[in-house]
Amino acid sequence: ATLFTEATTLTMNTFSNNSALCDTLRPPSPLPSLGGDSTYCPIPAGQFALSAPIPFNTQNSLTTMDTELRAVDPSGNEILCLSVTTTPLHPGPLDLPYGNAHIIFWATIALAATYWLIVGFARIVSAWSRGFSRPGPGIWHQFESTGFILASAISGERFSTSPALMRFCSPSLRDIIFHTQWCAALAMVAVQWPPFIYPLLSQTAWASLTYNITLNAHSMHWNPLNVQPYNPPSDFADQLADPTSVIYIDQSIPNTIFLLPPNTTTGMQSFAWSVGVQPQDLFAICLTLFLAIIAGTIFLSLFLWTVDWIFSQRPSGSLSSSAVLTNTASKGHMPRLSAGSKDMLDTSGDESRSSTGFGHNYTLLRRRLFRPEVSSFHSSVLIGNLVRVLVLFHLPVTIFSCYEFSTGSSVSSVALGALSFTLFSVIAPSLLLLRLSRTSTTKLYNETHTLLALGPLYNHYRQNSQLFSGLLFL
């Protein structure tokens, strides 16, 4: 009888070999005397053991090798057929089991950070004239001017005046995060992927808010190189421990084969274990990080708001800029704007400029950058940043919320998953899209407060196409 050994990677044949089946076939212990024979064939009916080698080196790491062992007798009858799937790993330093696969983790983060810096720089440069064209006296006016520049940059108000700038700023950070999330979501689909995709695509889990496994200190962190307790069959234990045996297993060699817990299904479970967490912990980790980002955004905004309010206080005897503008306007002539006036900052450099992009004509001279109140734009910035967070992580929150309320082990977990899905996946996007649909295009692109609050939803698209953002939520 002949043992045919054939190893393939995807559709490529990487190794094939034919050998005599009896050379590596062994009956249970104690082994009978060979006598004048060179093999133990024929062996009695019952259990048997055999071994077959395939080439292995570091070049095979992070690839899946499907090895088929097929034995055929001299008459052409098939005696056995076994398929063994192995995915070798090449662990790197710092106890990184996936080795070079970690390059994907840092490459996606670096790419996202690069886009964020380049687009952010473009936004700031385009908004530079907003604050520094006519600065007022004192250090606080310099800080105030900087705040106007940042608010203008965050709103992306200059996008409506320059189609080239909008093209330059697309794609941006969120497009990189969306693509990274899509890679992670592919690994969650329950199809028969080759196992090597899990070590690779699990490196994109950071974009889906599931990479921080330290949040579940009470939970088991799975190491893909862990092996189950070695418990060989008693009838073969001595042969498996004998270095001279053809079925010898060297227990001193560390495992380098990618392993998942027994009975792990494809899709979400395999993705979770590849990241290193239990499947039932995915929702908790994602929602915790999502809410932490929201809380951090609110805290930072309130902190800056408080600082701005403290340093912007004026002596009680002085007239506010709003009072000066109101009194002057009531007398029927144009107000005399001070050097530090926000209205002056809004009109500086824009007297002869108009918006001609996308087939519209909006005069920037008529636009008010901020209300006279010093801190009036902070609430719009806060709302806009919360909208950004929702847009960035709507996909993973939706996926894990659905997974939680469809597979939850307790009533509380099901209820929490359903609540998260209802609030963050349905109600919040619906309200935002409703607000978007009921707001005129002129206001959407011509009012800085609206751009600050809702701009993250639509300011990456051309005018009259702002509802295209609904496709992201769908």
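**Group meeting: a four-stranded sheet and the annotated membrane spans**

Let me start with the sheet: four strands, open, antiparallel in pairing, in the order β2-β1-β3-β4. The edges are β2 (12-20) and β4 (78-86); each has a single partner strand, so one side of each lacks a neighbour in the sheet. On average, neighbouring strands here are turned by 15 degrees against each other, direction ignored; the axes are lines fitted to C-alpha atoms, with angles from 0 to 180 degrees between N-to-C directions.

This is a predicted model, in which local features need pLDDT of at least 70 and side-chain atom pairs count only at pLDDT 80 or more, while totals for chains, interfaces and linings use all residues. Residues are numbered from 1 along each chain as its sequence is written, and side-chain values use heavy atoms, with hydrogens and water left out.

Strands are DSSP runs of E, at least two residues, and helices are runs of H or I, at least four, numbered from the N terminus. Two strands pair if DSSP finds at least two bridges between them. β3, residues 65-72, pairs with β4 in the antiparallel sense over eight bridges. Arg70 has Cys81 in β4 as its bridge partner.

Next, the membrane annotation. An unreviewed UniProt entry places "transmembrane region" at residues 103-125, 176-193, 282-305, 376-395 and 415-434; such annotations may be inferred rather than shown by experiment. Residues 282-305 are 100% helix, with end C-alpha atoms 35 Å apart. Residues 176-193 are 72% helix and 0% strand, and their end C-alpha atoms lie 24 Å apart.

Finally, confidence: pLDDT, the predictor's confidence in each residue from 0 to 100, averages 82 over the protein chain. It stays under 50 over residues 316-374. Where pLDDT is low, predicted coordinates should not be read in detail.

Methods:
Contact means heavy atoms within 4.5 Å.
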